[in-house]
Amino acid sequence: MHQPGNGTREEITVGVVGADEIVHRIMAVARESGNTSWRLIAAVYSDEQEAHAQAMKIASRVDVCLFAGPLPYDVATRHGDLPVPATYVPVGGSALYGTLLRGTLEGIFDPLRISLDSVPIDDVHAAYQEIGLDPRDVRVQPYVGPESATAFLEFHRELFERGETTGAVTTVPTVAAALADASIPSLKMTPAGVTIRHALQTATLVGSGARLEESRIVTMIVRVPSGALPAHASPSNYWYQELKLSLHRELLRDARPMDAAVLVRDEHSYLIVTTMGSLNMATDELNVAPFLGRISTELGIQLELGIGLGRSTREAELNAQAAVDKASAAGGGTAYLVGPGETVLQLPAARQQGTPSTAPSPVKDSKAVEVLTRLAEKLDAEGDTERVVDAERVADMLEVTLRTARRMLHTLVDEGLAWPMPPARSSKVGRPPRPYQLLVEKVPASRKHA
């Protein structure tokens with residue numbers, strides 16, 4: 001793990017474990033986010049049962065493993081604890097809407113008569129109700145563990161052959177391949193970009209040392225923004241006292257299901273103490289901020305919310321203060337979570353909001369930056385915007401030997417200026433060349449036009 005320097009964020013190395021397509025998708029989303037604290041290493045399997053073996057291959061080089069879904073995560077962890085913490089990309093969410101829309105527009109299936117695996121039944125029914133469709137003829141088999149996933153293919157096949165469904169939706173790549181081989185109309189549901197970003201942020205939090213233990217104490221500060229306060233917020237100001245009473249009442253109402261304590265902190269803010277387990281439940285695994293949405297609407301003001309984690313109660317409160325200050329600077333409407341090691345997450349007040357990109361920060365000047373700059377210039381001249389190269393291409397562009405090109409790429413990875421990608425599948429004999437994603441955005445602006 002790379003320790004943070006002065007004014008910089010901690011670099012976390014995330015091992016991305018999954019099937020080829022989803023691994024590429026996760027790495028693309030990470031690159032687009034511009035978050036320079038993420039370093040990604042890919043571990044690709046052809047079957048979910050290989051998840052543990054692939055994770056173990058990279059475990060010594062990563063701070064945390066991010067699995068492509070709950071199935072590979074469970075497969076990997078049922079063999080015993082991994083040597084590094086792990087989390088996974090959740091299924092469902094906005095990906096369900098996109099899959100249903102695609103299936104309808106492309107004429108793959110009738111969304112009113114399909115079979116669907118992995119997603120909880122309540123989530124499916126809620127999604128259909130939100131878009132005004134009747135789910136009575138939709139058949140769902142939720143994921144409850146690796147054993148249930150082995151029955152997904154037969155579940156889809158039997159329903160289709162009996163004529164009860166017109167197609168299937170699955171989240172499991174091997175099931176999707178088997179459905180295609182059986183000529184059953186189907187789509188593989190891939191997590192949406194916002195879901196992947198949240199999963200990467202959660203992995204960062206885990207990998208930074210702030211493990212998501214259920215018993216970890218969490219401190220939150222809810223504050224009335226200064227712009228919403230009257231000019232004279234004194235005890236004699238009836239409107240302000242009524243606002244404080246209403247806010248306290250609403251906080252207690254939302255805090256009760258979390259088993260959280262609500263304490264008056266000062267004239268303008270409240271301190272809320274709970275556990276990480278309760279926070280996970282209240283925030284849908286750190287996907288949405290607590291309190292902000294309903295209470296802000298109820299009281300007609302935009303509250304500021306900061307969430308702090310720490311190795312001690314004191315550190316958690318200090319981090320909560322830093323987090324609420326970040327929320328204030330952002331103008332409200334979103335919460336911030338600050339943990340040890342300068343870990344920062346942003347939690348929207350509602351699901352519809354995305355996570356803003358983090359501006360890339362300069363990296364240290366080195367020969368690696370010079371190499372990356374030269375490669376970027378060559379690729380720009382060729383009109384290549386993908387920025388994916390292998391050793392042979394680097395050797396051609398920079399007119400160096402293949403061995404030197406490989407060494408250059410390894411240096412770029414060590415400097416955090418490139419990510420190793422999964423090797424492309426090839427029918428040729430021998431080991432396929434490994435592609436690398438160049439992170440050209442990490443080149444300091446002063447070097448790009450030097």
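# Questions on a Predicted Model

Reader: How many helices and strands does the chain have?

Author: Helices (DSSP runs of H or I, at least four residues) and strands (runs of E, at least two) are numbered from the N terminus. This is a predicted model, in which local features need pLDDT of at least 70 and side-chain atom pairs count only at pLDDT 80 or more, while totals for chains, interfaces and linings use all residues. Residues are numbered from 1 along each chain as its sequence is written, and side-chain values use heavy atoms, with hydrogens and water left out. By these terms the chain has 17 helices and 17 strands.

Reader: What percentage of the residues in the chain is buried?

Author: A residue is buried under 20% relative accessible area, exposed over 50%, and partly exposed in between (1.4 Å probe, protein chains only). Of the 450 residues in the chain, the buried ones make up 50%.

Reader: Among contacts between residues at least 6 apart in sequence, what share joins residues at least 24 apart?

Author: A contact has heavy atoms within 4.5 Å. Among the contacts in question, the share that joins residues at least 24 apart is 62%.

Reader: Which helix gives the most to the largest nonpolar core?

Author: A nonpolar core is a set of buried Ala, Val, Leu, Ile, Met, Phe, Trp, Tyr and Cys residues joined through side-chain atoms within 4.5 Å. The largest such core has 48 residues, of which V14, V17, I26, L40, L66 and F67 touch the most other members. Elements that each supply at least two residues of this core include strands β1 (12-18) and β2 (38-44) and helices α8 (173-181) and α9 (193-207). With 6 residues, the helix that gives the most to this core is α1.

Reader: How many residues are in the other core, which includes M220?

Author: In the largest core, V14 touches R39, L40, I41, V62, V64, L66 and A203, not counting residues up to four places away in sequence. Apart from this core lies another, with M258, L305 and L345 also among its members, and its residues number 32.

Reader: Is L179 buried or exposed?

Author: L179 is found in helix α8. Not counting residues up to four places away in sequence, L179 touches L153, H156, A168, T170, I184 and S186. The C-alpha atoms of L179 and E154 are 9.6 Å apart in space, although 25 residues separate the two in sequence. Because its relative accessible area is 0%, L179 is buried.

Reader: How far apart are the C-alpha atoms of Q201 and N287?

Author: Q201 lies in helix α9. Its relative accessible area is 11%, so Q201 counts as buried. Q201 and N287 are 86 residues apart along the chain, and their C-alpha atoms are separated by 9.9 Å.

Reader: Within what arc do the buried residues of α12 fall, seen down its axis?

Author: In helix α12 (residues 292-299), L292, I295, S296 and L299 are buried. An α-helix has 3.6 residues a turn, so residues three or four places apart point the same way. The arc is that of the directions from the helix axis to the C-beta atoms. The buried residues of α12 line one face of the helix, because they fall within an arc of 100 degrees.

Reader: Which residue follows α12 with a positive phi?

Author: The phi of this residue is near 75 degrees. The residue that follows α12 is G300.

Reader: Which strand holds K188, the salt-bridge partner of E21?

Author: A salt bridge is a side-chain nitrogen of Lys or Arg within 4 Å of a carboxyl oxygen of Asp or Glu, and the count comes to 17 salt bridges. In the pair of E21 and K188, the closest N and O atoms are 2.9 Å apart. K188 counts as partly exposed, because its relative accessibility is 23%. The pair links distant parts of the chain, 167 residues apart, with E21 in helix α1 and K188 in strand β8.

Reader: How many residues apart in sequence are the parts tied together by R393 and E382?

Author: The side chains of R393 and E382 meet in a salt bridge, at 2.7 Å from N to O. R393 lies in helix α15 (residues 391-398) and E382 in helix α14 (residues 367-382), so the parts that the pair ties together are apart in sequence by 11 residues.

Reader: Which residues are linked with R139 in a network of salt bridges?

Author: Another salt bridge joins the side chains of D266 and R265, at 3.8 Å from N to O. The network, for its part, links R139 with E158, R162 and E164.
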